[in-house]
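These are my notes from one session with a single model. I set down what I looked up, in the order in which I looked.

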Amino acid sequence: MRTQVGIVGAGPAGLLLSHLLHREGIESIIIEDRTRAYIEARIRAGVMEHWVAELVDEIGMGARMRSEGLRHDGIEISFAGQRRRIDLNALTGGKSIMVYGQQEFVKDFVAARLAAGTPIHFEVTDVSIHDVDSDGPSIRFTDRDGAPQEIVCDVIAGCDGFHGICRPAIPDQVVFERVYPFAWLGILAAAAPSSDELIYASHDNGFALHSMRSPQLTRLYLQVAPDEDINEWPDDRVWVELQTRLTQDGKWSLNEGEVLQKGITPMRSFVCETMRHGRLFLAGDAAHIVPPTGAKGMNLAAADVLVLARALARFYRSGATDALDAYPATCLARIWKAQRFSWWMTSMLHIFPEQDPFARRIQLAEIDFTTGNEAGARALAENYVGLPFDDGPVGA
Ligand code: FAD
Ligand code: DHB
């Protein structure tokens, strides 16, 4: 097989990149090691930044997101027996967030790519990449029928997530990492959301988050120990703890329902600054991980591939490599700001092991300042809805 851009991974990064390239007349082939059903059901991110929702509209993919997604103009922060609202809309000159499940985004983009004739090879195995230092790198894999395959391309986009094979292929990486001493236990429940907006709660027992996927589905998270055994958390215990941490003012209670899905996610900050090696470009979770508290992971993946698509469009139009050369630096400026925000939200809202009362008082003062002061609230709001992305058309 021969194509212009070989894409490893059909997550949000790989699918959006392929779509953006297609709009520029650039061909791609995607390979994915899971089944289509698996990636379309994998529950992960839920919050899209303002500019991501606008981009999705601009590229003709917004119909289902606009009808089924939930636009939110604010979020709430609960602490010390009270709840305060951050008015995202008023604080950012009219911006909002879109609550639309990552799996819905994936469904929309898989359907669009296949309809446009872009090959997506699902259930591939033995994936390896070759000759990234040359002008003709290649991706080798075994297809789902057991046949060996090779894609020869101009450029490889490593969109294969944190555990993929592309990042390990880069020698001499510059890497930064921080692992947090806690994890999130997440559930999806067949219950109507108990609030119109997301609630981030900092409680002495630990952090909790109320989110949602639809008017009938609530998504909830609890801070737990990093090595927590999920069997120690039967549904009853999860509900008791959620009620305790989220119902701090006594005036509200959480709707409960059947638990449809339950899982534990570790928390880390990770950046591989070596996002490019020869003709290999890393994008999304393949290059960086944020702790989920700021809801930035999927949005950063979208930002990387928008930069990459524009740089590739310039390269194919004029042969100029300046934008491709600048790709890591352009992305890293945004990535480190999102890392800082995610680290800050995580540190402010979670209980650390052996945290002393002084440290807790400092956290509570910081939440009080942030939520009770316009400058503090605006700093949170601007980061939460997504820092400005220049608004030029794709490929500009
Ligand atoms: P991925 O979505 O990981 O996609 C990579 C793809 O590559 C996958 O489909 C994988 O199967 C495939 N793959 C891997 N290895 C290979 C291989 N060798 N060959 C072929 N294919 C391969 N982010 C937010 O912004 N907000 C949130 O609320 C949020 N919540 C989260 C909750 C959970 C439980 C988790 C795990 C993550 C969450 N994130 C959240 C992070 C977000 O899901 C990721 O940042 C996002 O999925 C990154 O997209 P990606 O395309 O870079 O990587
Ligand atoms: C969701 C996840 C997050 O990490 C977050 O900060 C907000 C919402 C969610 O899954 O809905």
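**Entry 1: surroundings of ligand 2**

I listed the residues around ligand 2 and obtained 14, of which Tyr200, Ser211, Arg213, Tyr221 and Pro292 come nearest. I note here that the model is a predicted one.

I next looked up polar contacts to the oxygen atoms of the ligand. For Tyr200, I found a polar side-chain atom 2.6 Å from an oxygen atom of ligand 2. For Pro292, the atom concerned is a backbone N or O, and it lies 2.6 Å from an oxygen atom of ligand 2. Ala295 also contributes a backbone N or O atom, at 3.5 Å from an oxygen atom of the ligand.

I then asked how much of ligand 2 the protein buries. Taken alone, the ligand exposes 290 Å², and the protein buries 97% of that area.

Which elements give two or more residues to the shell around ligand 2? I recorded strand S14 (198-203), strand S15 (206-214) and strand S16 (217-224). S15 supplies the largest share, three residues.

By residue class, I counted eight nonpolar, three polar and three charged residues in the shell around ligand 2.

**Entry 2: cysteines**

I searched the whole structure for disulfides and found zero. Such a bond is covalent and joins the sulfur atoms of two cysteines.

Why is Cys153 without a partner? The closest cysteine sulfur to that of Cys153 belongs to Cys166 and is 10 Å away, which is too far for a bond; the cut-off I applied is 2.5 Å. For Cys159, the nearest cysteine sulfur is again that of Cys166, here 8.0 Å away, and Cys159 is in no disulfide.

I also checked whether these two side chains are buried or exposed. Cys153 is buried, its relative accessible area being 0%. Cys159 counts as buried too, at 7% relative accessibility; the limit for this class is under 20%.

**Entry 3: the hairpin of S10 and S11**

I turned last to strand S10 (residues 138-142) and strand S11 (residues 148-152). The two run antiparallel and are joined by five bridges. I looked up the partner of Phe141 and found that it bridges to Gln149 in S11.

Five residues lie between the strands of this hairpin. I examined the backbone there and noted that Gly146 takes a positive phi, near 90°.

Methods:
Residues are numbered from 1 along each chain as its sequence is written. Chains are lettered from A and ligands numbered from 1 in the order in which they are written. This is a predicted model: local features need pLDDT of at least 70, side-chain atom pairs count only at pLDDT 80 or more; totals for chains, interfaces and linings use all residues. Side-chain values use heavy atoms; hydrogens and water are left out. Buried means under 20% relative accessible area, exposed over 50%, partly exposed in between (1.4 Å probe, protein chains only). Two strands pair if DSSP finds at least two bridges between them. Helices (H or I, at least four residues) and strands (E, at least two) are DSSP runs, numbered from the N terminus. A residue is near a molecule or strand if one of its heavy atoms lies within 4 Å of it. A polar contact is a pair of N or O atoms within 3.5 Å; within protein, one must be able to donate a hydrogen and the other to accept it, and residues adjacent in sequence count only if both atoms are side-chain atoms. Accessible areas come from the Shrake-Rupley method with a 1.4 Å probe; for residues, only the protein chains shown count as cover. Ala, Val, Leu, Ile, Met, Phe, Trp, Tyr, Cys and Pro count as nonpolar, Asp, Glu, Lys and Arg as charged, and the others, Gly among them, as polar.
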